[in-house]
2 protein chains.
Amino acid sequence: MLRSSFKTLSAKAAAQLDQELMSTGAFSIDQLMELAGLSVAQAIYKQYPPKKSCNNTVLVLVGPGNNGGDGLVAARHLKLWGGYDPILYYPKRTKNQLYSNLVTQLHDLDVNELESVEDVKRLVSVPQAGVDLIIDSLFGFSFKPPIRAPFDELIRYLAENHDKIAPIVSVDIPSGWDVDKGPTDLDINATMLVSLTAPKPCAARFVDSSAEKIHYLGGRFINPKIAKKYDIEELVDLYEGNELIVKFV
Amino acid sequence: MLRSSFKTLSAKAAAQLDQELMSTGAFSIDQLMELAGLSVAQAIYKQYPPKKSCNNTVLVLVGPGNNGGDGLVAARHLKLWGGYDPILYYPKRTKNQLYSNLVTQLHDLDVNELESVEDVKRLVSVPQAGVDLIIDSLFGFSFKPPIRAPFDELIRYLAENHDKIAPIVSVDIPSGWDVDKGPTDLDINATMLVSLTAPKPCAARFVDSSAEKIHYLGGRFINPKIAKKYDIEELVDLYEGNELIVKFV
């Protein structure tokens, strides 16, 4: 079986499914984001367990929407578990209460923030001491180009320096990629992808681009009827026991 | 070390901590209930993994408040993981949207409900075929006696027949017990207890009552400052790695 022969959800189908979960499905965004972010943190713990030899600094790049919220939740669990030291870069905030609550929860855990793309560049470029892992929770399945400032400069910098910086874990889509079509000229160059609910079409391009790309599925919350309706029953069946994540091999 | 020599939170302190999490802590009830219920399901999975030889029917007794909500969330995860077949008894509902949402999520998973204490009695009394496990999510740390109908009859029945029915897993407190003082004459006779955030004083009485009592801690979400303020840092330190639960031994 090809590594990329998994079922996917297009940007449109993913948006529809999300809407369905929160309307007839009666889930709250708080619930879904908590479970999604927790699964991102679990995948990171499994793939990059904290090492005794370093600070395990995790730079969390937070976008303006739900993808960013998933990153905020993941950062909280990583910090709470101990061993990781997350630091945020969250330049474009909404006034939505949920997001400011998630930030308060992180401040209460003494998670710090970077102020500018310059700060990010400075931190990630310190060899062996700056950042051990980067979470890309900038854009999700509702992303549409073009990428606006300061995200364009940020992604361009990371793309151009990817062989000198820490591995990047992308949440749901590698930021800068087209959700359905895949790579564009702005590619964050992620090492690992955590697809939520179902891989988006660009995930197949991601794993096909190199044998070293790592791919997890998380966000285990849809019921069999929805899985059937969206033709992703195969994916739901991949999870074992009470696991919140599964690694594609 | 005595099995019961753990730090505890009195009913009053637990209520205060909860209030603090949801005010200055900026957590929503949806978030906390999702994490608490998930940890209850994880503890059940660890202690009573689904068996191939039976239906793994789990009767979930749901009370009118937050403890009941934790049970509803736990039931959803158990059903979603496959292997378990939860069935609800939820006689006293509030109009709160969160609870009706949690029930909708269960209905969408084809989880059924019992209508009366008589139905419960009938189902639990079928030898080897009725119910394999019972979740007692009737009352939590805000419980104050007396127990009203139909819960009085329900708990009395379970107490009087405990040697003939499936093991009972209590969420946070064994229902009928006084949160601080422990057993009363109405004792649901739980086999396992999942303490949330911190054991309540009655948990010490629970484990001291028999060497066979099983005790887990779940609800891993408080930050070190709150843990220090409420003098329960020892408990927070018990969790290993990314585990959402820990078993007291």
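A helix here is a DSSP run of H or I with at least four residues, numbered from the N terminus. The exercises below use this term on a predicted model.

**Exercise 1. Where is B:Glu34 found, and is B:Glu34 buried or exposed?**

Step 1. Locate the residue. B:Glu34 belongs to helix H2 of chain B, which covers residues 29–47.

Step 2. Apply the cut-off. A residue is buried under 20% relative accessible area and exposed over 50%. B:Glu34 has 0% relative accessibility, so it counts as buried.

Step 3. List the contacts, leaving aside neighbours within four places in sequence. On chain A, B:Glu34 is in contact with A:Gln31 and A:Leu35. On chain B, the contacts of B:Glu34 are B:Val73, B:Arg76 and B:His77.

**Exercise 2. State how chain A is related to chain B, and through which surface the copies meet.**

Step 1. Superpose the chains. A turn of 180° with a shift of 0.0 Å along the axis lays chain A on chain B, with an RMSD of 0.0 Å.

Step 2. Name the relation. The two copies are therefore related as by a two-fold rotation axis.

Step 3. Find the residue by the axis. A:Gln31 comes closest to the rotation axis of the residues of chain A, with its C-alpha at 2.8 Å. A:Gln31 is also one of the contacts of B:Glu34.

Step 4. Compare the interfaces. Because 100% of the interface residues of chain A are also interface residues in chain B, the copies meet through the same surface.

**Exercise 3. Describe the order of the strands in the sheet of chain B and the surroundings of S4(B).**

Step 1. Write the order. The open sheet has eight strands, S3-S2-S1-S4-S5-S6-S7-S8 in chain B, and its pairing is mixed.

Step 2. Find the edges. Strand S3 (112–114) and strand S8 (246–247) of chain B each have a single partner strand, so one side of each is left without a neighbour in the sheet.

Step 3. Recall how pairing works. Strands of a sheet pair through backbone hydrogen bonds, in either the parallel or the antiparallel sense.

Step 4. Take the partners of S4(B). S1(B), residues 57–62, pairs with S4(B) in the parallel sense over five bridges. Here B:Asp136 is the bridge partner of B:Leu61. S5(B), residues 168–171, also pairs with S4(B) in the parallel sense, over three bridges. In S5(B), B:Ser170 stands opposite B:Asp136, and B:Val169 stands opposite B:Ile135.

Step 5. Check the cover. Five of the five residues of S4(B), 133–137, are buried. B:Leu133, B:Ile135 and B:Ser137 point one way, whereas B:Ile134 and B:Asp136 point the other way.

Step 6. Turn to a helix beside the sheet. H7(B), residues 201–208, lies across S6(B) and S7(B), and runs at about 160° to S6(B).

**Exercise 4. What radius of gyration would a compact globule with 249 residues have, and what does chain A have?**

Step 1. Compare the values. The globule would have a radius near 18 Å, and chain A has 17 Å, which agrees.

Step 2. Add the extent. The C-alpha trace of chain A spans about 50 × 40 × 35 Å along its principal axes.

Step 3. Add the burial and the contents. In chain A, 60% of the 249 residues count as buried. Chain A has nine helices and eight strands.

How values were computed:
Residues numbered from 1 in each chain as written. Chains lettered and ligands numbered in written order. Predicted model: local features only at pLDDT ≥ 70, side-chain atom pairs only at ≥ 80, totals over all residues. Heavy atoms only, no water. Buried < 20%, exposed > 50% of the residue type's maximum accessible area, 1.4 Å probe, protein only. Helix = DSSP H or I, 4+ residues; strand = E, 2+ residues; numbered from the N terminus. Pairing = 2+ DSSP bridges. Contact = heavy atoms within 4.5 Å. Axes fitted to C-alpha atoms, helices over the stretch in contact; angles between N-to-C directions. Least-squares fit on C-alpha atoms with pLDDT ≥ 70 in both. Rg over C-alpha atoms; globule rule 2.2 N^0.38 Å.
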